[in-house]
Amino acid sequence: MLELAVRNGPSSFTGEVDSVGHAEHGQVDPPVAEQSLVPPESIVMQHYAFLVSEEEFDGIFQRVKESGTEYFADPHGKQPGEINHNDGGRGVYFMDPAGHAMEAITRPYGSGGV
C-alpha cells in the first residue's frame, strides 16, 4: 500500500492506493468518478535531450556501452553502434528502460561548432 495525497485543481484525494493505482481507503473531495483516479493503460514515449559537457558525455556513453544498451548516431536508429559529431561535438541516442528516447549532445543544435 502507498499513502497518497493528490491535489488536481479543485479536486483532491487522500488515502491509500495499491500497486496498480486502485484506491483502497481514502476520500475524494469533491466526489469524482473512480476512473479519474486510475492511471492510463500506457505511457506515451517521450524524447529527452541533454546538453552535457565533454566529460559528462564520456561518462554517459561509457555507462550506455557497459550496460549493453543499443545506441545510435541518429534519432531514427539508422546508424546503430555509432555516435554523431554534429556541430563539432558528439551526440548519442538510446532508449531508457521505460522506453523513452534519450539524447546526449555536447554542442547546441545549430551552433556549427562555435
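**Exercise 1. Where is isoleucine 43 found, between which two strands?**

Solution. The model used in these exercises is predicted.
Step 1. Locate the residue: isoleucine 43 sits in the loop between strand S3 (23-29) and S4.
Step 2. Classify its surroundings. Exposed means over 50% relative accessible area. Because its relative accessibility is 72%, isoleucine 43 counts as exposed.
Step 3. Check a distance in space. From C-alpha to C-alpha, isoleucine 43 and histidine 100 are 9.5 Å apart, while 57 residues separate them in sequence.

**Exercise 2. In what order do the four strands of the open sheet lie, and which are the edge strands?**

Solution.
Step 1. Write down the order: the strands of the open sheet run S4-S7-S6-S5, with mixed pairing.
Step 2. Find the edges. Strand S4 (47-51) and strand S5 (71-72) each pair on one side only, and these are the edge strands.
Step 3. Go through the pairs. S4 and S7 are parallel and share five bridges; in this pair, phenylalanine 50 is opposite alanine 104 of S7. S6 and S7 are antiparallel, also over five bridges, and methionine 95 has alanine 101 in S7 as its bridge partner. S5 and strand S6 (residues 91-95) are antiparallel over two bridges; here tyrosine 71 has phenylalanine 94 in S6 as its bridge partner.
Step 4. Look at the connection between S6 and S7. These two strands form a hairpin with five residues between them, and glycine 99 in the turn has a positive phi of about 90°.

**Exercise 3. How many of the five residues of S7 are buried?**

Solution.
Step 1. Recall the cut-off: a buried residue has under 20% relative accessible area.
Step 2. Count: five of the five residues of S7 are buried, so the strand is largely enclosed by the rest of the structure.
Step 3. Sort the residues by face. Ala101, Glu103 and Ile105 are buried on one side of S7, and Met102 and Ala104 are buried on the other.
Step 4. Add the helix. Helix H1 (residues 54-67) lies across S5, S6 and S7, and runs at about 40° to S6.

**Exercise 4. Which residues are linked in a network of salt bridges?**

Solution.
Step 1. Start from the total: the count is two salt bridges.
Step 2. Describe one of them. Glutamate 54 forms a salt bridge with arginine 90, with the closest N and O atoms 2.7 Å apart. This pair links distant parts of the chain, as glutamate 54 is in helix H1 and arginine 90 is in the loop between S5 and S6, 36 residues away.
Step 3. Describe the other. Aspartate 58 forms a salt bridge with arginine 90, and the closest N and O atoms are again 2.7 Å apart. Because aspartate 58 lies in helix H1 and arginine 90 in the loop between S5 and S6, the pair ties together parts that are 32 residues apart in sequence.
Step 4. Combine the two: Glu54, Asp58 and Arg90 make up the network.
Step 5. Check the accessibility of the acidic residues. Glutamate 54, at 39%, counts as partly exposed, and aspartate 58, at 43%, counts as partly exposed too.

**Exercise 5. Is threonine 106 buried or exposed?**

Solution.
Step 1. Place the residue: threonine 106 is in the segment after strand S7 (101-105).
Step 2. Apply the cut-off of under 20%. Threonine 106 has 10% relative accessibility and therefore counts as buried.
Step 3. List the polar partners of its side chain. One is the side chain of glutamate 54, at 3.2 Å. Another is the backbone nitrogen of arginine 90, at 2.7 Å.
Step 4. Widen the view to contacts. With residues up to four places away in sequence left out, threonine 106 touches several residues, among them Leu51, Phe57 and Gly89.

**Exercise 6. Which aromatic pair is edge-to-face, with 90° between the planes?**

Solution.
Step 1. Begin with the total: two aromatic pairs are found in the whole structure.
Step 2. Identify the pair: phenylalanine 61 and tyrosine 71 are edge-to-face, at 5.0 Å centre to centre.
Step 3. Place both rings. Phenylalanine 61 is in helix H1 and tyrosine 71 is in strand S5, ten residues apart. Both residues are buried.
Step 4. Extend the picture: ring pairs join Phe57, Phe61 and Tyr71 into a cluster.

Notes: Residues are numbered from 1 along each chain as its sequence is written. This is a predicted model: local features need pLDDT of at least 70, side-chain atom pairs count only at pLDDT 80 or more; totals for chains, interfaces and linings use all residues. Side-chain values use heavy atoms; hydrogens and water are left out. Buried means under 20% relative accessible area, exposed over 50%, partly exposed in between (1.4 Å probe, protein chains only). A polar contact is a pair of N or O atoms within 3.5 Å; within protein, one must be able to donate a hydrogen and the other to accept it, and residues adjacent in sequence count only if both atoms are side-chain atoms. Contact means heavy atoms within 4.5 Å. Two strands pair if DSSP finds at least two bridges between them. Axes are lines fitted to C-alpha atoms, for helices over the stretch in contact, and angles run from 0 to 180 degrees between N-to-C directions. A salt bridge is a side-chain nitrogen of Lys or Arg within 4 Å of a carboxyl oxygen of Asp or Glu. Rings of Phe, Tyr and Trp (its six-membered ring) pair if their centres lie within 6.5 Å; planes under 30 degrees apart count as stacked, over 60 as edge-to-face and the rest as tilted.
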